[in-house]
Amino acid sequence: MAERMLQFVRVAQRTPDKRAATARRTDFNEIYAPFDPKQAATQASRCSQCGVPFCSVHCPLSNNIPDWLKLTAEGRMEEAYEVASATNTFPEICGRICPQDRLCEGNCVIEKGFESVTIGAVERHIVETAFANDWVKPPAPRSENGMSVGIVGAGPGGLAAAEWLRRKGYDVHVYDRYDRVGGLLIYGIPGFKLEKQVVLRRWKLFEDAGIHFHMNVAVGRDIGLAELRARHSAVLIATGVYKARDMSAPGSGLAGIVPALDYLTASNRIGLGDSVPAYTDGTLDASGKDVVVIGGGDTAMDCVRTAVRQGAASVSCLYRRDKANMPGSMREVANAEEEGVRFIWLSAPEAFLGDEHVTAVRAAKMRLGLADASGRQSVEEVPGASFTVKADLVIKALGFDPEDLPRAFNEPELAVSRWGTLSIDRRSFMTALPGVFAAGDIVRGASLVVWAIRDGRDAAAAMHRYITNQQAAPLAAAAE
Ligand code: FAD
Ligand code: SF4
Ligand code: SF4
């Protein structure tokens, strides 16, 4: 089945088949079908094997994309898997949920007029083939090094670090306040983008690798950071950002107005078979309701599409700018539109109406003004153009900030930026506390899975350097 490369002139781009909107509105299964081996090889063969591969340059993990595309085109799948997994803890997850249009694929330089190589779909195919053939093994160390590390947070940042450090022979302990591993991969991102068994399958591999998971343990509440520092040679903080941004407007205290992550977490838990009282009593269930989601990012897109699947009577999305200026991925906006979501661009809520429970949102019509210092167009209200949208469930998806970690961890010396994210030394990944490192959203602010993986990997290497130097220091002193 070996295919020659540079086939972009002959073979058209083909993205994976997408289930029809009518079918996908009724379940939480992923919407894209996987490539079959022939499709994957043919699509991979479109790559022109650039000398300077801009796809790799714009992948936060610097994945060796041209090599694994060539191996896939040649049907050498086990080798393709080795290359794809060498730089990425979760290639099958990135292949599904990276915004490829802004990263690797958006920078694929196939000659003008030809569509980019479908890198993400091939990456997913490589790893699914590896799982099907039992080539994916737990990350095993060559030997144990007798030292332990503590990792706070089992999201992609913490897990990428855990894998890297386990391979180096560390006794790795991961602490998380949730009952399942994955962070936002398990409780934030809905199944129609990332089916939960994909995340749970990795958890099993990490456990088989001997990584210890201490679940339902909130650091700062159940155990102190000081205790973790005493237990381990180094500690990584990868706790993400969870404080929902809020808005104050008349009526914002009415029942029926909920934060996005509460809503998505409940839906994900229901999908995993958990019992969620706030879902069962209807508070976090959109079924039969007129739903209004406020916001224009990926979290808002996940909320509108979840509400559709829960059987909402109508789903509207209010966003203060226009479609071209939306922060959310265009692919997800298109998917939401296909599934029946109504977007009301250039609109901002000014009041929530109702007696005890919300019944409607009154919104102001907005227009775009001149660009500000950042180059982004300002938005201003159109006077006298307010309108009302019926709503019995309003979901606020306005973004996230970090919680006050120095206070939560009772560590006033833990330095933070003016946005509340943890401050680290960019080269050593160390916080203001010696031996305490940080990675992922808690350092960057709300970002992407692929960046959390990259940070986790780099922070792990920095922790290894730190521990090795700490070990060497007394020996060097004794030798003097
Ligand atoms: P998280 O994934 O947030 O994990 C942090 C972990 O730390 C959690 O498990 C939490 O329980 C734990 N924790 C927090 N505090 C404590 C404590 N005190 N003690 C113990 N444990 C603690 N990115 C993409 O690339 N593609 C997408 O399609 C995408 N969709 C998204 C959809 C939604 C709804 C959201 C909210 C985000 C989305 N993102 C997406 C962003 C992405 O999920 C995050 O950037 C990424 O998960 C950050 O990883 P992290 O490891 O830093 O933190
Ligand atoms: Fe593209 Fe993300 Fe894969 Fe990198 S990790 S190659 S950005 S899909
Ligand atoms: Fe292949 Fe596109 Fe990467 Fe060039 S930029 S190596 S054509 S995938």
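Two strands count as paired if DSSP finds at least two bridges between them. Helices (H or I, at least four residues) and strands (E, at least two) are DSSP runs, numbered from the N terminus. With those terms in place, here is the model.

This is a predicted model, in which local features need pLDDT of at least 70 and side-chain atom pairs count only at pLDDT 80 or more, while totals for chains, interfaces and linings use all residues. Residues are numbered from 1 along each chain as its sequence is written, chains are lettered from A and ligands numbered from 1 in the order in which they are written, and side-chain values use heavy atoms, with hydrogens and water left out.

**The β1 sheet**

Strand β1 (residues 148-152) runs parallel to strand β2 (residues 171-175), and five bridges join them. Within this pair, S148 stands opposite D171 in β2. Both strands belong to an open sheet of five strands, ordered β3-β2-β1-β4-β16, with parallel pairing. The edges are β3 (212-214) and β16 (436-438); each has a single partner strand, so one side of each is left without a neighbour in the sheet. From one strand to the next, the twist averages 20 degrees. Here axes are lines fitted to C-alpha atoms, for helices over the stretch in contact, and angles run from 0 to 180 degrees between N-to-C directions.

Strands of a sheet pair through backbone hydrogen bonds, either parallel or antiparallel.

**The β6 sheet**

Another open sheet of five strands has the order β6-β14-β7-β8-β9, and its pairing is parallel. Its edge strands, β6 (257-259) and β9 (342-344), each pair on one side only. The twist in this sheet averages 25 degrees from one strand to the next. Three bridges link β6 to strand β14 (residues 393-396) in the parallel sense. V258 has I395 in β14 as its bridge partner.

Two helices lie across these strands, in contact with them (heavy atoms within 4.5 Å). Helix α12 (residues 260-271) lies across β6 and β14 and runs at about 80 degrees to β6. Helix α14 lies across β7 (290-294), β8 (314-318), β9 and β14, at about 170 degrees to β8.

**Ligand 1**

A residue is near a ligand if one of its heavy atoms lies within 4 Å of it. Around ligand 1 there are 34 residues, of which G157, D176, V219, Y242 and D441 come nearest. By class, this shell has 19 nonpolar, ten polar and five charged residues. Ala, Val, Leu, Ile, Met, Phe, Trp, Tyr, Cys and Pro count as nonpolar, Asp, Glu, Lys and Arg as charged, and the others, Gly among them, as polar.

Backbone atoms also make polar contacts with the ligand (a pair of N or O atoms within 3.5 Å). Within protein, one atom must be able to donate a hydrogen and the other to accept it, and residues adjacent in sequence count only if both atoms are side-chain atoms. The table lists three such contacts.

| Residue (backbone atom) | Partner in ligand 1 | Distance |
|---|---|---|
| L184 | oxygen atom | 3.1 Å |
| S447 | oxygen atom | 3.2 Å |
| L448 | oxygen atom | 3.3 Å |

On its own, ligand 1 has 1000 Å² of accessible area, and the protein covers 96% of it. Such areas come from the Shrake-Rupley method with a 1.4 Å probe; for residues, only the protein chains shown count as cover. The elements that give two or more residues to the shell are α8 (156-167), α14 (298-309) and α18 (449-479).

L448 sits in the loop between α17 (441-444) and α18. Leaving out residues up to four places away in sequence, L448 touches P99, L103 and D441.

**Ligands 2 and 3**

Residues around ligand 2 include C59, C94, C98, C104 and V450. Its shell divides into eight nonpolar, three polar and one charged. Among the residues around ligand 3 are C47, C50, C55 and C108. That shell has eleven nonpolar residues, one polar and no charged.

**Two backbone exceptions**

L346 is not a glycine, yet has a positive phi of about 50 degrees. L346 lies in the loop between β9 and β10 (347-353). N410, also not a glycine, has a positive phi of about 55 degrees. N410 is found in the loop between α16 (405-408) and β16.
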